[in-house]
Amino acid sequence: MKNLKTRLKNGEALNGCWLNLGSSLTAEIVGQAGFDWVLIDLEHGSGNEKDALLQLQALQASSTGAVIRVESNDKRRIQRALDMGAEGIMCPQVETPSDAEKVIEGLYYAPDGKRGVAKMVRATDFGKNFDAYRTKSKENILGVIQIETTEALNHLDEIAALDGVDVLFVGPSDLTMSLGIFGQLDHPRYINALKAIIAAADKAKKAVGILLFNPDDYKTYYDMGIRLIACGSDATFVSQGASQMANLLNSKKA
């Protein structure tokens, strides 16, 4: 474990990015780059669970913690990602306290949740450290709930107050889409929604996260109190690097 949950509780800002290519090689490269955490994306990314396992293995030797975004709050999807060794789970499209409670059920063993027990899995060093893993799982596993809809905005205090919800993570694209102002991150309706999310998290002593589209916005959101911050992805890094090099070489043609 890379202590993401403890570091967030201590008020540290954790910088990360998305991994959406399903590649263990780009995961290894990103893991060596100096990020605090990465998000292995099984909702919109190119990879599947087998690819996620290879990415987790590629990240093992680095200091970068791995959170997996599952497709839904289905307990089976959550516990499989955790059994593979994910340090946290991000769940999209959580709209109600009931939705969030289903996520929590998958995160933790009884009595805190309903996670199925399997000792011979990668997360427990294939059974060698099951007791220690189980005992510390509530302390170590990060539960990240995405706030992406107007319905979720109606239940912020209830969702944030749940034991097991550690982070309210803003999905700017989906949230602005739901608000009818897609992509307008300076729109008062979006700004007010963001402030409401932060207020609910502060009230419950939980953290807030966000995906940035522009790293120049970092200070703005940091000053608002957001501490789990991501920007960019392995796909973006490859695409931008390839375009820059191609443009550079083309500019040198006679």
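**Entry 1: the enclosed space**

I began with the largest cavity and listed its lining: Pro172, Leu185, Tyr190, Ile210, Leu211, Leu212, Phe213, Asn214, Asp217 and Tyr221. A reminder to myself before going on: this is a predicted model.

How much space lies in the largest cavity? I get about 40 Å³. With 30 Å³ or more as the cut-off, I count one cavity.

Next I asked which element gives the largest share of the lining here. The answer is E7, with three residues. By class, I noted eight nonpolar residues, one polar and one charged around the largest cavity.

**Entry 2: the second largest pocket**

I moved on to the second largest pocket, where I find about 390 Å³ of space. Its lining has 25 residues, and those nearest the centre are Trp18, Ser173, Leu211, Leu212 and Phe213. I was pleased to recognise some names: Leu211, Leu212 and Phe213 also line the largest cavity.

Which elements give two or more residues to the lining of this pocket? I wrote down strand E6 (167–170), helix H9 (172–178), strand E7 (207–212), strand E8 (228–233) and helix H12. So much for the elements; the classes come next. I sorted the lining of the second largest pocket into ten nonpolar, ten polar and five charged residues.

**Entry 3: the largest pocket**

Then I turned to the largest pocket, which holds about 470 Å³ of space. Of the 22 residues lining the largest pocket, I find Met1, Gln60, Gly85, Arg122 and Ala123 closest to its centre. Helix H3 (49–59), strand E3 (65–69) and helix H6 (130–140) are the elements that each give two or more residues to this lining.

Which of the elements gives the largest share? I have H6 down for it, with five residues. How does the lining of the largest pocket divide by class? My tally reads eight nonpolar, nine polar and five charged.

**Entry 4: a look at the surface**

Last, I went to helix H12, which I had already met in the lining of the second largest pocket. The helix covers residues 234–251, and leucine 249 has its place there. On the surface I found that Leu249 forms a nonpolar patch with Met245 and Leu248. What is the accessible area of these three together? I noted about 280 Å².

**Closing note to self**

For a quick return, I would open the view at Leu211, Leu212 and Phe213, which are among the residues nearest the centre of the second largest pocket and are also listed in the lining of the largest cavity.

Key
Residues are numbered from 1 along each chain as its sequence is written. This is a predicted model: local features need pLDDT of at least 70, side-chain atom pairs count only at pLDDT 80 or more; totals for chains, interfaces and linings use all residues. Side-chain values use heavy atoms; hydrogens and water are left out. Patches are made of residues with over 30% relative accessible area and no salt bridge: like charges are joined within 9 Å, nonpolar side chains (Val, Leu, Ile, Met, Phe, Trp, Tyr) within 5 Å. Accessible areas come from the Shrake-Rupley method with a 1.4 Å probe; for residues, only the protein chains shown count as cover. A salt bridge is a side-chain nitrogen of Lys or Arg within 4 Å of a carboxyl oxygen of Asp or Glu. Helices (H or I, at least four residues) and strands (E, at least two) are DSSP runs, numbered from the N terminus. On a 1 Å grid over the protein atoms alone, a cavity is a set of points where a 1.4 Å probe fits but cannot get out, and a pocket is an open set with protein on both sides within 12 Å along at least five of seven lines; lining residues have an atom within 4 Å of a point. Grid points are joined across faces, edges and corners, and a volume is the space filled by probe spheres set on the points. Ala, Val, Leu, Ile, Met, Phe, Trp, Tyr, Cys and Pro count as nonpolar, Asp, Glu, Lys and Arg as charged, and the others, Gly among them, as polar.
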